[in-house]
Each structure stands twice: as structure tokens, then as C-alpha cells.
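Reader: I have a protein model open on my screen and would love a guided close look at one part of it. Could you pick a strand and walk me through what surrounds it?

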Amino acid sequence: MLQFHSSVFGVCLVTDLIMPKAASSINNKVAVYLKEFPNETFQNDGKVLYCKCCEKSVSIGQRFQVSQHISTTKHKQNKERQNKFKQQFLTSSDDNSSTFYTDLCRAFIRADIPIFKLKNPALKDFLEQYTGKTIPEESTIRKKYVNVIYEETLTSIRQNIQDGPIWVSIDESTDADGRYVGNVIVGKPSSEPCNSFLLNCEQLDKYNHKTIAKLFNDSMNLLWPEGVKYENVFLFLSDAAPYMCKAGNVLNAFFPKLIHVTCLAHGFHRVAETIRSSYPDVDQLIATVKKIFLKAPSRVLKFKELYPDFNLPPEPILTRWGTWLEAALYYCEHFEKIKNIISSLNTETATAIDKANNMMENNNLKNNLTYISANFGFLIHTIKQLETRNMPLSESLCIVEESQKKLEKCQGHIGNVVREKCKNVIEKNQGLKNLKIIRDILQGLNPTELLDVELTPLDIVNMKYASITSVDVERSFSQYKNILRPNRRHFTFLNLREYVVSHCFKN
């Protein structure tokens with residue numbers, strides 16, 4: 001930093017100019033410009049003269065080039081804005097703008113604000129007015145800073161995880177563009193609750209045990225680029241798809257302490273699907289009434305006129321755990337009200353209305369709704385409890401065992417079918433047996449069986465909050481689908497991966 005005093009120029013000038021290490025002729029030109037434009041501040045990065053107000057280089061070849069830049073409207077506006085936010089100390093303009101752009105990009109990604117919103121004049125003017133900064137173009141942020149935030153996110157995940165130990169959860173889905181996508185969640189098992197992180201989001205060629213095992217291994221290399229800690233991977237959570245189970249068996253050969261557990265919340269949802277398939281009449285009623293009120297404002301209005309404080313019938317989504325059971329319990333509780341509403345509608349406007357009226361006259365339908373509510377309604381609460389984050393292993397296993405006991409008390413043919421389905425789900429979950437042994441050890445009991453893996457006492461302590469569900473990876477797909485909404489379908493997958501991983505990160 002140079003200060004130019006009156007002994008040199010005849011007037012005291014203190015500027016922000018960093019003199020370039022170049023020929024003396026350039027130094028002389030700069031000195032002339034400083035004398036002629038004492039109210040302007042420039043910065044030099046060692047190569048060119050840089051205007052701090054406009055954040056761009058200015059040629060010093062000819063005097064008119066400098067004066068021309070100073071007289072532009074944009075320069076005057078930028079200078080006026082910067083005067084309102086004058087810094088108390090001098091910093092490099094490149095570093096300053098780079099930090100601002102990075103923070104701006106991080107804020108947009110974490111808040112899931114599309115970066116193209118920077119082109120909105122109202123938002124751009126607002127940010128410029130209250131930050132005193134020039135807002136960059138959307139392409140500048142997208143090309144230069146999204147990757148910076150992604151690398152920063154990976155660094156933060158590595159600092160949180162360090163050498164482990166870790167648990168891993170993997171699931172797959174098909175996105176709106178028809179791509180096969182696999183998400184990888186990692187967390188650090190500990191004697192205290194800890195956060196989980198979306199480590200990787202990858203496009204897969206297809207779903208099989210080879211692609212899942214490769215995704216798992218690639219993600220471990222991403223987490224530990226200097227060398228995978230094979231003995232520090234304790235738990236692998238997934239659904240019960242055959243290729244997931246096969247991938248778990250393959251990975252056991254490389255990760256000696258790995259316990260593969262299939263998601264218990266998903267397992268109870270499969271039990272609920274068995275209930276749904278056992279009652280086609282109830283399933284048909286739910287689907288028919290859903291059609292009656294779907295995109296029919298006049299019928300919804302009629303519904304609200306008869307029962308203004310009554311909620312519309314639920315619209316279950318089969319891929320959302322337990323929603324069909326919730327609908328069945330709704331119809332059991334409000335059967336007479338729904339019957340009155342449907343009977344008041346004009347049957348000539350839709351065949352579904354006449355069909356629903358006929359179905360609700362069937363006594364077997366009412367009996368089936370009663371049986372479902374009395375014997376299986378608790379499964380909704382079970383699934384919601386298992387979706388809770390950072391639940392102790394002993395508490396989550398207690399919920400599973402209590403639900404098993406309730407299902408064992410179910411009577412009748414359907415009760416036997418559902419009970420056998422639950423038993424089959426639990427018995428096929430090989431890793432669950434090891435978690436029960438670990439739970440007994442942590443509770444001071446003496447289990448009769450031995451662990452299939454060799455864990456040290458400290459390893460067992462770290463399993464105190466081990467999860468038995470893959471809820472976190474399911475939530476990551478919800479965020480993925482929110483990002484890839486209809487007006488944001490021009491992502492390349494590389495950019496989409498960086499955006500999703502950065503968006504899902506919570507420190």
C-alpha cells in the first residue's frame with residue numbers, strides 16, 4: 001500500500017492504488033492519473049488497473065480511456081452506492097467480491113432459491129441497494145461458485161465424520177426425467193445423537209447389486225479420498241429389495257464390521273400393503289371416493305355446506321408409508337357422514353357416485369373397516385414413531401417388538417396372514433439379530449447368542465443410537481424432487497448432484 005504525499009505531487013493524496021511491478025513508464029502514467037483524478041480510487045492486481053466501484057479492469061494506455069470510464073453512468077451509480085457502504089479497512093477487491101459471491105451462492109442453494117432468480121430486476125435492485133455490491137450474472141454464479149459450495153460441503157462432511165466410525169444408508173428412485181438415481185446418506189454412530197449428511201447423489205445405469213455395491217464403494221472413496229477406512233463402517237441401511245440384500249452380502253467381504261439392516265419402517269409398510277391387498281372392497285371404496293372429489297369444486301362445496309368443520313376424505317399415496325391405513329381409519333370413523341354426503345350428490349354427473357352409493361350399502365364393507373381399525377390401526381403410529389430421528393436403539397427395537405406382540409393377538413384368517421407377513425419381514429432381516437444382541441449388551445443383559453461381527457467394547461458403545469430405518473435417505477429424495485420441479489428441468493446431472501448435496505447439508 002503506497003501513500004502519495006505533497007512532497008511528490010504538491011498535494012496530499014492517500015489512495016487505494018497498489019502500484020504494479022512494471023516499467024517506470026506505467027508508474028508515471030498511474031501517478032498522473034492519481035493527480036488528475038484525486039477523488040477516484042483504483043486498485044491494481046499486479047497486471048491491470050482495477051476500478052473498485054465497478055469491479056472491472058481499466059486500461060491505462062491512454063488518458064481518455066480512464067476518464068471515459070469515470071464518466072460512465074454505471075461507474076457513477078456504483079460509486080454512489082459504495083459510498084454508503086464504505087469499508088473501514090482496505091481489502092483486495094477480488095477477494096472481497098469472491099467472498100460475497102460465494103456467500104450469495106451458498107444462501108441461494110441452502111434456501112433452495114433458483115439461481116436464475118438473480119435475473120429478476122426487483123430482487124437484483126433490492127440486493128444491490130442493501131448490500132452495496134454489484135450482483136453478478138446468473139451464469140457467473142452457476143459456473144464458478146456452485147462447485148465451490150459443493151467442495152466446501154464435502155470438506156465439512158469429512159471434518160464431521162473424520163475417521164469414523166460411520167453408518168451408511170442407500171436408496172434408489174426414478175426421477176422426473178426417467179433417470180435411475182441413487183442417494184447415499186452417512187452418519188457417525190456415537191453414544192450421543194449426531195447429524196446425518198447426504199454424501200453422494202449418483203446416476204445409475206440400472207438397479208442391481210453390482211451398481212449398488214459400486215455406489216457404496218465410490219461413496220466411501222469420496223468420503224475418505226486418502227484411503228477407505230474399511231473397519232470403520234459399522235451399519236448399512238437399505239430397503240428389503242433382493243438386490244439390496246445381495247449387495248449387503250457382497251460388501252461384507254470388504255467391510256468386516258458391516259451389519260446390514262433392512263428398514264423396519266418400510267417393513268411395517270409392507271405389512272400394511274398386505275392388509276390393503278386382503279381387503280379389495282375397502283381399497284375400491286377409497287379409490288372411488290377419491291375420484292368423486294378430485295377436481296370437482298362443486299362437490300367439494302357441497303361437502304363443506306353439509307359439514308363445514310369436517311375434513312375432505314384423504315387421498316392416500318401408495319408409496320407413502322401408512323397413508324392407506326390412515327384412509328381406512330378415516331372411513332371407519334366417519335362412515336355415516338361420508339354416506340350422507342355421497343347420497344346427496346347427483347348420480348348422473350359421475351358414475352363413481354352411483355358406484356360408491358352401492359358399495360356403502362354393503363354390510364361387509366362396514367365390518368371390514370371395523371376389523372382394520374380395531375386390529376391394525378396402531379401400525380400408523382408405529383411407522384411414525386420409527387421415523388423419529390436420533391432415537392436410541394433400545395427404544396426403536398422396543399417399538400418393533402411391541403408391534404409384533406399386538407399383531408400376534410389378531411384373530412381370524414386375515415390376522416393370520418398379516419402375522420405371518422410380519423414374521424417373515426423380521427426373520428429375513430439378518431442384521432436385526434445383531435442389533436438386538438447389541439441392545440441387550442448396552443442394557444446390561446447377558447445375551448445367549450454371539451455377534452456375527454467382531455466389535456470392540458467402544459464400537460458397541462457407539463451403536464447406542466444406531467438407526468433401524470432408512471428415513472433420512474427417503475427425505476433426501478423428497479428434497480431432490482422438490483429441486484427438480486417442472487420449471488427447473490435443465491440441470492445437467494453433474495450440476496444437479498452438486499446442488500442437491502449442498503442443499504441437503506445441515507451443520
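Author: Happy to; what follows is a walk that starts at one strand and moves outward to its neighbours. Please keep in mind that this is a predicted model.

Let's begin with strand β7, residues 233-238. Of its 6 residues, 6 are buried, so the strand is largely enclosed by the rest of the structure. Which strands pair with β7? One partner is β4, residues 166-174, which runs parallel to β7 and is joined to it by 4 bridges. If you want a pair of residues to click on, try V168, whose bridge partner in β7 is F236. The other partner to look at is β8, which also pairs with β7 in the parallel sense, over 4 bridges. Here a good pair to display is L235 and its bridge partner in β8, I259.

Now step back from β4 to the loop that leads into it. P165 sits there, between α8 and β4. Is P165 buried or exposed? With a relative accessible area of 12%, P165 is buried, as the limit for that label is under 20%. Leaving aside residues up to four places away in sequence, P165 touches G187, K188, P189, N232, F234 and N462. One of these contacts, F234, falls within the residue range of β7. G187 is 22 residues from P165 in sequence, yet their C-alpha atoms are 8.5 Å apart in space.

Beyond the other end of β4 there is a group of charged residues to look at. D175, D177, R179 and R489 are linked in a network of salt bridges. Within that network, the side chains of D175 and R179 meet with N and O 2.9 Å apart. Both ends of this pair are covered: D175 counts as buried at 8% relative accessibility, and R179 counts as buried at 14%.

Moving to the β8 side, look at the loop between α10 and β8. K257 lies in this loop and D459 lies in helix α22 (residues 457-461), so their pairing ties together parts that are 202 residues apart in sequence. Their side chains meet in a salt bridge, with 2.8 Å from N to O. K257 is buried, and so is D459.

That loop, between α10 (242-251) and β8 (259-262), also holds F254. Is F254 buried or exposed? At 52% relative accessibility, F254 counts as exposed, because the label applies over 50%. Together with Y230 and V250, F254 makes a nonpolar surface patch of about 280 Å². So this one loop carries a buried lysine, K257, as well as an exposed phenylalanine, F254.

For another salt bridge, go back to α8, the helix before the loop of P165. R106 and E152 form a salt bridge, with their closest N and O atoms 2.6 Å apart. R106 belongs to helix α5 (residues 93-110) and E152 to helix α8 (residues 146-161), so this pair ties together parts 46 residues apart in sequence. Here the side chains have some exposure: R106 is partly exposed, with a relative accessible area of 21%, and E152 is also partly exposed, at 28%. Across the whole structure, a search finds 22 salt bridges.

You may be wondering about cysteines too. How many disulfides does a search of the whole structure find? The count is 0. Two cysteines to look at are C194, which counts as partly exposed at 33% relative accessibility, and C263, which is buried with a relative accessible area of 4%.

For a helical view of burial, turn to α18, residues 378-386. Its buried residues are F378, L379, I380, T382, I383 and L386. They pack against α11 (264-278), α14 (323-333), α17 (363-376), α19 (393-408) and α23 (471-483).

Finally, here is the wider setting for the strand we started from. The protein has 24 helices and 8 strands, and 47% of its 507 residues are buried. Among contacts between residues at least 6 apart in sequence, 67% join residues at least 24 apart. On the outside, the protein exposes about 26200 Å², with carbon and sulfur atoms supplying 50% of that area.

Notes:
Residues numbered from 1 in each chain as written. Predicted model: local features only at pLDDT ≥ 70, side-chain atom pairs only at ≥ 80, totals over all residues. Heavy atoms only, no water. Patch = residues over 30% accessible without salt bridge, like charges linked within 9 Å, V, L, I, M, F, W, Y side chains within 5 Å. Areas by Shrake-Rupley, 256 points an atom, 1.4 Å probe, with all protein chains shown as cover. Salt bridge = Lys/Arg side-chain N within 4 Å of Asp/Glu carboxyl O. Helix = DSSP H or I, 4+ residues; strand = E, 2+ residues; numbered from the N terminus. Buried < 20%, exposed > 50% of the residue type's maximum accessible area, 1.4 Å probe, protein only. Contact = heavy atoms within 4.5 Å. Disulfide = S-S within 2.5 Å. Pairing = 2+ DSSP bridges.
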